[in-house]
Amino acid sequence: MPAEQPCSPHGLRRVASLGCLLVSGLWIAAPGEARDEQQIANRVEGLLSQMTLSEKIGQLAQLNSDNGLSPDLSERIRSGRVGSILNEVRVDVVNEMQRLAVEESRLGIPLLIGRDVIHGFNTVLPIPLGLAATFNPELVQRGARMAATEAASTGVNWTFAPMLDVTRDPRWGRIAESLGEDTYLTSRMAAAMVRGFQGERLDGLGSIAACAKHFAGYGASEAGRDYATTNIPENELRNVFLPPFEAAVEAGVATVMASFSDLNGVPATASRFLMTDVLRKEWGFGGFVVSDWASIEQLRIHGFTANDRDSAAAALHAGVNMEMATSVYANHLESLLEDNRISISQIDRMVADILRIKFHLGLFENPYTNPDDFPARGNEQHLEVARQAALESLVLLKNEGVLPLDAESLDTLALIGPMADDGYEQMGTWVFDGQADLSQTPRAALAATLGADKVRYVRALQHSRDQSHAGFDAALEAVAASDGVVLVLGEESILSGEAHSRANIDLPGAQAALVQALKNAGKPIVAVIMAGRPLTLGNILEDVDALLYAWHPGSMGGPAIRDVLLGAVSPSGRLPVTFPRMVGQVPIYYNQKHTGKPATAESFRYIDDIPVRMPQHSSGFVSSHLDAGYTPQFPFGFGMSYSRFEYRDLKVSEVEVPLGEPVEITATLTNTGDVAASEVAQLYIRDLVGNVTRPVRELKDFKRVHLEPGETAELQFELTPESLAFYGQNMTKITEPGRFQVWLGGDSAAPLQSEFTLTLPKSEY
Ligand code: NOJ
């Protein structure tokens, strides 16, 4: 029997799958936590044995706050028919809800109070896509901790984050909430966010339960239309879409949310494969699963069940513990039990999972929240985390020698655009609790540093969709009277997020026309773009001299943007997602398959190079678009700096590595430029031959390194057998012998490469 070993920080992982000890079906974790686990298991069992069926079914219900405590909601809480409330953040109301549950219900079971704490709370961090652009999991963890602390001070004890849907489609509005297109990056950020939200212990001050969502495959919605069908072969599901969820489970995530979407013909909310076979049996998840909003009821609308009763049965059998917002469980579980379509032991298991998390959160001991126990929301330290996150999320995409601006020699700066001074819009999507009055805009930040009289601000367009050219003249006047021009453009926050997908991902409104008009004034133009997704930038790229991509940067976007524009800090964000040239290229992502006819610079022919009436022939065709080519506008991992970096001496420990042994990779990285800057060193591999074809490159590790001019760092990476493994044709995870290519560099198109071969011991040939 394997030695007892830590399984997760919170003991929420079914230990058998990790080679830890499984004691009489209980969850245990690190030896120190085993006591807690045993105690909690006893308490859960004790409580369950006293519960009526109605109280059990009550624990499976999550209700919307109803804008406070209606008489009906109060009565439901008092009678033990609610397990959780969502969307209440007034601490006095939350405390009153807890009082009704703890002091007036028969068994005194406290409530889970859920909220979408997605990227901050009152203090707003960059949107998750921007957080991913930092390539800095430690910072993202600190951000999640800050958000958790602010949320916890209102009585919220559960967030519906992180969203771990890998997505390759910038049309999808929820790409803003995602951590981008890459499985590995999303997995690293998943673990960081879970640790940040949940802290060392779930019952610690400022810890809230996290929720890995949306399980699973939601990011592959057809055409990027939210809620649309997804079809993902199991192999692809396991290699691309599921690993971030497994990483969250390994980090001890307390809860998982089932996706709205239909996955291969079975809506995820009814997928026993996902929620029982994979999540619980394979990964040993020990927390509980919540449906998405009304997603149990929607099983009928999908056409998967004939009525709500069947939906309740399907979701329960699949493994959904708690129903969000609707009352399909509450209305039908009892009669399903009477008809023996479900069993009481199933219900008991579902309830036990929820109670276990309530005990872990320490809610039975401390159901009430005193805001005085917490630091003030929106305090200096919190804003500082938001500022650092915004700073590291900024990606410089183009710079024809204009940036950084020289503040000394700048007489007047024309600051133009609908996003330059809009504290609300810079917060982005999912900011239920975001406080726009905490936002510091680029205008405010630049005026504070340069002096208000030096900044000539013209909004020019009322909002990002504005089609009117009425403000162009004022903008042109400001440009004529200035020696520097900064345009802050983008998308309003409501153009991304849930159910806000776009088919055209150009800059909306008359923004491109504004760029064109100002370009004609003949002064160098710096564009800053705040957006919830990668936009297609082809219609402005040539017209601007520098382009800084800021996502929706949150409360402290202004100071972060100012610091980069004025050169106080060199930009260091990297793209967590590929930018297409045209929307027709979507999905375009760096870790695509090679195909049998890959395009190359030599083989590809652009539409205008094809002679009229050229005869069709059956050789020489390659995988590309005639009008867009085969390369993206900007590759995954890309981002410029004010400095230069050189990678040298890449060494792979052995040219031939016995299968099962780790592979060591070393190199040096030197800042050969003139300014201090941070680089994100990215390690990619390609497994050249596989039992299923492998991507042309796969990110396997990265390091964010800060270097002074002339300074060199030694880089060290280790590729383990596990990190080289993938799911093969029969859905088992394997590391295969054979050749691997290696790239180390500043983006996914980096040229430096090496190779190694994993070899079988001679006897196994
Ligand atoms: C629906 C969204 O899909 C989900 O992500 C969110 O957590 C819930 N609504 C609750 O607001």
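Let me start with one pair: L415 stands opposite V486 in β14. The strands here, like the helices, are DSSP runs numbered from the N terminus, with at least two residues of E for a strand and at least four of H or I for a helix. L415 belongs to a parallel pairing: strand β12, residues 413-416, is joined to strand β14, residues 484-490, by 4 bridges. For two strands to count as paired, DSSP has to find at least two bridges between them.

Some ground rules. This is a predicted model, where local features need pLDDT of at least 70, side-chain atom pairs count only at pLDDT 80 or more, and totals for chains, interfaces and linings use all residues. Residues are numbered from 1 along each chain as its sequence is written, and side-chain values use heavy atoms, with hydrogens and water left out.

How confident is the predictor? The chain has a mean pLDDT of 94, and 95% of its residues reach 70 or more. That score is the predictor's confidence in each residue, on a scale from 0 to 100. Now the exception to keep in mind: over residues 1-32 the pLDDT is below 50. That stretch still has 91 contacts in the model beyond near neighbours in sequence. A contact means heavy atoms within 4.5 Å.

Back to the sheet. It is open, has 6 strands and mixed pairing, and runs β11-β16-β15-β14-β12-β13. Which strands stand at the edges? They are β11, at 395-399, and β13, at 455-458. Each has a single partner strand, so one side of each is left without a neighbour in the sheet. From one strand to the next, the twist averages 15°. Helix α16, residues 442-450, packs on this sheet. α16 touches β12, β13 and β15, the last at 525-530, and its direction makes about 165° with that of β12. For these angles, axes are lines fitted to C-alpha atoms, for helices over the stretch in contact, and values run from 0 to 180 degrees between N-to-C directions.

Stay by the edge strand for a moment. The loop between β11 and β12 holds P404. A cis peptide bond joins L403 to P404, with omega at about -5°.

There is another open sheet, with 5 strands. Its order is β18-β26-β25-β20-β21, and the pairing is again mixed. At the edges are β18, 656-658, and β21, 698-707, each pairing on one side only. Here the twist averages 25° from one strand to the next. β18 pairs with β26, residues 753-759, in the parallel sense over 3 bridges. Within β26, T757 is the residue opposite E656.

Now helix packing. Take α15, residues 380-393, and α6, residues 137-152: they pack at about 145°, axes 10 Å apart. Their crossing is left-handed, that is, the near helix is turned anticlockwise from the far one by less than a right angle, while clockwise makes it right-handed. From α6 come L139, R142, G143, M146 and E150; from α15, H382, V385, Q388, A389 and E392. By class, that contact has 4 nonpolar, 3 polar and 3 charged residues. Nonpolar means Ala, Val, Leu, Ile, Met, Phe, Trp, Tyr, Cys and Pro; charged means Asp, Glu, Lys and Arg; the others, Gly among them, are polar.

α15 also meets α20. The axes of these two come within 8 Å and cross at roughly 45°. α15 and α20 are therefore oblique to each other. On that scale, under 35 degrees is roughly parallel, over 145 roughly antiparallel, 65 to 115 roughly perpendicular, and the rest oblique. The crossing is right-handed. R387, A390 and L391 in α15 meet G557, P559, A560, D563 and V564 in α20. The split is 5 nonpolar, 1 polar and 2 charged.

After α20, which spans 557-565, a loop leads to β17 at 645-652, and P587 is in that loop. The peptide bond between V586 and P587 is cis, omega about 0°.

One more helix pair: α8, 234-241, and α10, 272-282. They pack at about 50°, axes 14 Å apart, and α8 passes α10 in a right-handed crossing. E234, L237 and R238 in α8 meet F273, L274, V278 and E282 in α10. That contact has 4 nonpolar, no polar and 3 charged residues.

Last item: A223. A223 sits in the loop between β5, 211-215, and α8. Its phi is near 60°, a positive value in a residue other than glycine.
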